[in-house]
Amino acid sequence: MLKVNNIDVYYGAIHAIKGISIQVAKGEIVTLVGSNGAGKSTTLRTISGLLKPKSGTILFEDNRIDGSAAHKIVGMGLCQVPEGRRVFSNMTVMENLELGAYLRTDKDEISRDFEDVFRKFPRLAERKFQVAGTLSGGEQQMLAMGRALMSKPRLLLLDEPSMGLAPLLVKEIFYIIQEINESGTTVLLVEQNANMALSIADKAYVLETGRIALAGTAKELASSEAVRKAYLGG
Amino acid sequence: MNNIRKRDIMSLIGCFALYVVMQLMIMFEIIGPFWELNIVLIGINIILSVSLNLINGYTGQFSIGHAGFLAVGAYTGAIVTVKLGLPFELALIVGTICAGALGFLIGLPTLRLQGDYLAIATLGLGEIIRICILNIEYVGGASGLMGIPRHTNFAWVFLVGVIVIFFIKNFVNSAPGRACLAIRENEIAAETMGIDTTKYKVMAFTLGAAFAGTAGVLFSHYFYIAHPASFTFMRSFDILTMVVLGGLGSMSGAITGAVLLTGISAFLAEYPEWRMVIYSITLIVLMLYRPQGLFGNKELSLKMFKLGGGNNGRTAEGK
């Protein structure tokens, strides 16, 4: 579904991503784990079009998307939940979700998807008309995910959904990610919380200073000695 | 939907009633020539602040070059009537289009900048426009373009003002307007929602510039003259102050700001030495006690006075 071939990304003179290749098949949950500054978020932002790779190609459902503008990529069915949630904080929950459906015109289906999002996130339904900036961190994360789902993506990119959340909420968020995946959306997940990420993912890549250090099924990596030492605390 | 239409019609009727009352008062000279002049000026300032509010308030792009577009409208409008001898209505259209076109050309490169950088770029552009005009002999250079017939009157200003206000109000409630609001709230999030941020920023900037041009045509055809000194960056700041005072992102705020500040200037016309003092004290007090402006980003409505604010059902009524 998604094929990233050997991309290089620079921030000015800094070589942030050095020849990364990733493959995501339909229906999978794939995760990128690694420490701070490894290039996880950069990779994700490059895929969603917020950054442009200097070389290499990105194919989404066999169309080249590297170099396309971010808003066009969303229209193709690939949506990112940006890091740090980034909800529209002066708008209500409902208005946030409506903006998620910005590119869609199928009114009936949109209202069905509202129901669907509210079923997945009952907390949001309770707070429909509350201003998003006044939600708690976890609720904002749910809103950001719900908003992304409103664009009806076939591939959902999640950038550190567990960041700054209480452990109980992290569990809930990961449970919802699995649920989203089961209803047919492919997920590419970037996480610092490697333990949680590996427990729900099918496939995983370990990034280190802009390179892929290890790749394999999530089970393999979770039990591999090197990964346990570096990321899972022994 | 019907609800909104009904409210639109109600406010249009309200506008018409206000117009009739004001016009009668002018006709029977209850409002003297001094206040008539200031009322026209208030009207022009309302158009300016509402159009700047579209750029600064709703789209969140901090522009302080509005006087430049005002100048473009004033001069191109005057060229149409004075130099080419064509009717005033045409001048209004040409002034609007020229200022809009310039806004589009300037907006394309500069709207890639953010925050302070955009402010500096637009400030510079406003000055560039003024200096250019200053050096064009065809439009009178430093002595200004004189002998412009007075076509603007209260009726014209009122009509154009109402059209601009309704246009911007409906724009903000449309899909492109929602995109602008999303850009203001969070540009990256807007982009990841599939909104073409550059397109909507340029769209808002162009519309704002175009309406500033309309105001310019009205301006030069009221005061008989278009002079470069009327379009310095101080003029841009005046307009910006009105928007900020009223509250960024509030239509009622922009209108109130324009009425209030132009009114204060007029009231204090007899005490010129106190004018700037009181003007600045007003602003300082406001920034200390109400930094979000008089209205914040809310609109004037009866709901505002109800307990708990009128936020509930904001979306529901938009359906």
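**Exercise 1. Determine the handedness with which α2(B) passes α11(B) in this predicted model, and describe the geometry of the pair.**

Solution. The crossing of α2(B) with α11(B) is right-handed. Helix α2 of chain B covers residues 33–58, and helix α11 of chain B covers residues 251–267. Their axes come within 8 Å and cross at roughly 145°.

**Exercise 2. State which residues of α2(B) meet which residues of α11(B), and classify the contact.**

Solution. Begin with α2(B), where the residues involved are B:Asn38, B:Leu41, B:Ile42, B:Asn45, B:Ile46, B:Ser49, B:Val50 and B:Asn53. On the side of α11(B), they meet B:Met251, B:Ala254, B:Ile255, B:Gly257, B:Ala258, B:Val259, B:Thr262, B:Gly263 and B:Ala266. Sorted by class, this contact has ten nonpolar, seven polar and no charged residues.

**Exercise 3. Establish how many helices and strands chain B has, and assess how its radius of gyration relates to the globule rule.**

Solution. Chain B contains 13 helices and zero strands. Read from the N terminus, its elements run α-α-α-α-α-α-α-α-α-α-α-α-α. The radius of gyration of chain B is 19 Å, and the globule rule gives 20 Å for 319 residues; the two values are close, so chain B is as compact as a globular protein of that length. Along the principal axes, its C-alpha trace spans about 55 × 50 × 40 Å.

**Exercise 4. Find what percentage of chain B is buried, and what percentage of its contacts join residues at least 24 apart.**

Solution. Of the 319 residues in chain B, 46% are buried. For the second part, consider contacts between residues at least 6 apart in sequence: 78% of these join residues at least 24 apart.

Technical notes
Residues are numbered from 1 along each chain as its sequence is written. Chains are lettered from A and ligands numbered from 1 in the order in which they are written. This is a predicted model: local features need pLDDT of at least 70, side-chain atom pairs count only at pLDDT 80 or more; totals for chains, interfaces and linings use all residues. Helices (H or I, at least four residues) and strands (E, at least two) are DSSP runs, numbered from the N terminus. The radius of gyration is taken over C-alpha atoms; the globule rule is 2.2 Å times the number of residues to the power 0.38. A residue is buried if 20 or more other C-beta atoms lie within 10 Å of its own, exposed if 12 or fewer, and partly exposed in between; C-beta atoms are placed from the backbone. Two residues are in contact if their C-beta atoms, placed from the backbone, lie within 7 Å. Axes are lines fitted to C-alpha atoms, for helices over the stretch in contact, and angles run from 0 to 180 degrees between N-to-C directions. A crossing is left-handed if the near helix is turned anticlockwise from the far one by less than a right angle, and right-handed if clockwise. Ala, Val, Leu, Ile, Met, Phe, Trp, Tyr, Cys and Pro count as nonpolar, Asp, Glu, Lys and Arg as charged, and the others, Gly among them, as polar.
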